[in-house]
Amino acid sequence: MSARLIEEAGFELGFMSGFAVSAARLGMPDTGLISYGEMVEQGQNICRAVSIPMIGDGDTGFGSAQNIKRTVHGYARAGFASIMLEDQVAPKRCGHTEGKAVVGRDEALTRIRAAVDARDEGAGILIMARTDARACISLEEAIDRCRMFREIGADITFLEAPLNEAEMRRYCEEVDGPKMANLIEGGKTPNLPPRQLEALGYKIAVYPLTLLNVSIQAMRSALPSLSRSERPSTAMDFEDLKKAVGFPEYYAEEARYGGPAGGSPAGPFDSGD
């Protein structure tokens with residue numbers, strides 16, 4: 001539903017966040033609890049619901065180099081335009097929370113090399129290489145990893161959780177190619193406006209938790225009204241709700257095919273005899 005609203009609002013692309021999927025689908029935190037199968041199924045449903053390109057959070061790739069190649073091919077078949085893969089130790093966790101750890105350089109590069117190989121074997125999907133080394137080691141290590149990701153073929157890099165504008169600028173100046181900024185309300189990275197991000201050198205900005213954030217707030221504010229048998233003040237009219245989920249389009253197609261039954265009554269050759 002949120003992907004449909006993103007497209008309706010005129011955004012050029014969407015981002016499927018592992019944090020958001022784990023929260024919405026499982027009601028659990030983004031600490032590596034959700035599986036490849038659950039993520040790719042969710043992604044397939046999302047990609048089918050919209051026509052804009054979608055970036056999919058592929059976490060650590062869900063295993064070995066062979067698992068990573070399977071994940072890349074699976075995300076491509078699901079309809080994603082790009083997959084994000086990271087260098088955290090599994091089980092991973094949200095990039096703006098505590099307790100993260102990253103694998104060594106060799107394993108980090110192996111993960112991205114496997115993903116690039118899958119792309120080049122025909123997956124037809126862009127590879128976004130993410131590093132969480134800023135929080136675990138240093139900004140210098142994170143920048144070095146992004147440079148190496150580019151050298152082995154990553155299409156886009158993502159240095160997670162720079163702490164200030166100076167760090168963001170240095171990353172953009174020292175790493176070539178397209179770069180993504182991850183903007184979370186109250187997170188570790190400054191929530192700069194798009195024009196400023198573009199001036200620094202970013203090509204993509206995502207707001208992966210904003211809609212989850214405001215939807216939780218809206219539901220929490222509605223529940224006390226329901227407990228008092230009152231209509232929540234922000235509740236939509238039923239007709240507006242039907243429009244939001246696509247009933248008008250469904251009814252139009254239903255009419256095209258002859259009404260609710262999908263056609264005329266069964267004839268003599270329709271009984272199955």
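**View 1. Met 84 and its bridge partner in E4, Met 128.** This is a predicted model, where local features need pLDDT of at least 70, side-chain atom pairs count only at pLDDT 80 or more, and totals for chains, interfaces and linings use all residues. Residues are numbered from 1 along each chain as its sequence is written, and side-chain values use heavy atoms, with hydrogens and water left out. Strands E3 and E4 run parallel here, joined by five bridges. Two strands count as paired if DSSP finds at least two bridges between them. The strands (E, at least two residues) and helices (H or I, at least four) are DSSP runs, numbered from the N terminus. E4 is mostly tucked away, with five of its six residues buried. Buried stands for under 20% relative accessible area, exposed for over 50%, and partly exposed for anything in between, using a 1.4 Å probe and protein chains only.

**View 2. The whole sheet, with its five strands in the order E1-E2-E3-E4-E5.** The sheet is open, and its pairing is parallel. E1 (14-16) and E5 (156-159) stand at the edges with a single partner strand each, so one side of each has no neighbour in the sheet. On average, neighbouring strands are turned by 25° against each other, direction ignored. Angles like this run from 0 to 180 degrees between N-to-C directions, and axes are lines fitted to C-alpha atoms, for helices over the stretch in contact. At the E5 end, four bridges join E4 to E5, which run parallel. One pairing to look for there is Ala 129 with its bridge partner in E5, Thr 157.

**View 3. Strand E1, its partner E2 and the helices that pack on the sheet.** Three bridges pair E1 with E2 (residues 54-57) in the parallel sense. For Gly 14, the bridge partner in E2 is Met 54. Helix H3 (residues 36-49) packs on the sheet and touches E1 and E2, its direction making about 160° with that of E1. Helix H4 (residues 65-78) packs on the sheet too, touching E1, E2, E3 (82-86) and E4 (126-131). The direction of H4 makes about 155° with that of E3. Touching, or contact, means heavy atoms within 4.5 Å.

**View 4. Ser 82, a residue of strand E3.** With 3% relative accessibility, Ser 82 counts as buried. Leaving out residues up to four places away in sequence, Ser 82 touches Met 54, Ile 55, Gly 56, Ile 125, Leu 126, Met 128 and Ile 156.

**View 5. Where helix H2 packs against H3.** The two helices meet at an angle of about 95°, with their axes 11 Å apart. That makes H2 roughly perpendicular to H3. The cut-offs are under 35 degrees for roughly parallel, over 145 for roughly antiparallel, 65 to 115 for roughly perpendicular, and oblique for the rest. On the H2 side, the contact is made by Gly 18, Val 21, Arg 25 and Leu 26. H3 brings in Glu 38, Met 39, Glu 41 and Gln 42.

**View 6. Helix H10 and its two faces.** H10 has 18 residues (210-227), which at 1.5 Å a residue should span 26 Å, and its end C-alpha atoms are 27 Å apart, which agrees. The expected span is 1.5 Å times one less than the number of residues. Leu 212, Ala 222 and Ser 225 of H10 are buried. They cover an arc of only 140° around the axis, which puts them on the same side of H10. That arc is taken from the directions from the helix axis to the C-beta atoms. Helix H2 (18-26) is included in what covers the buried residues. On the face turned away from the buried side, look for the exposed residues Arg 220, Leu 223 and Ser 227. After H10 comes Ser 229, with a positive phi near 60°.

**View 7. Two loop residues with positive phi, Asp 59 and Ala 161.** Asp 59 sits in the loop between E2 and H4. Its phi is about 50°, although Asp 59 is not a glycine. Asp 59 is also buried, with a relative accessible area of 3%. Ala 161 lies in the loop between E5 and helix H8 (165-174). Not a glycine either, Ala 161 has a phi of about 60°. Its relative accessible area is 2%, and Ala 161 is buried.
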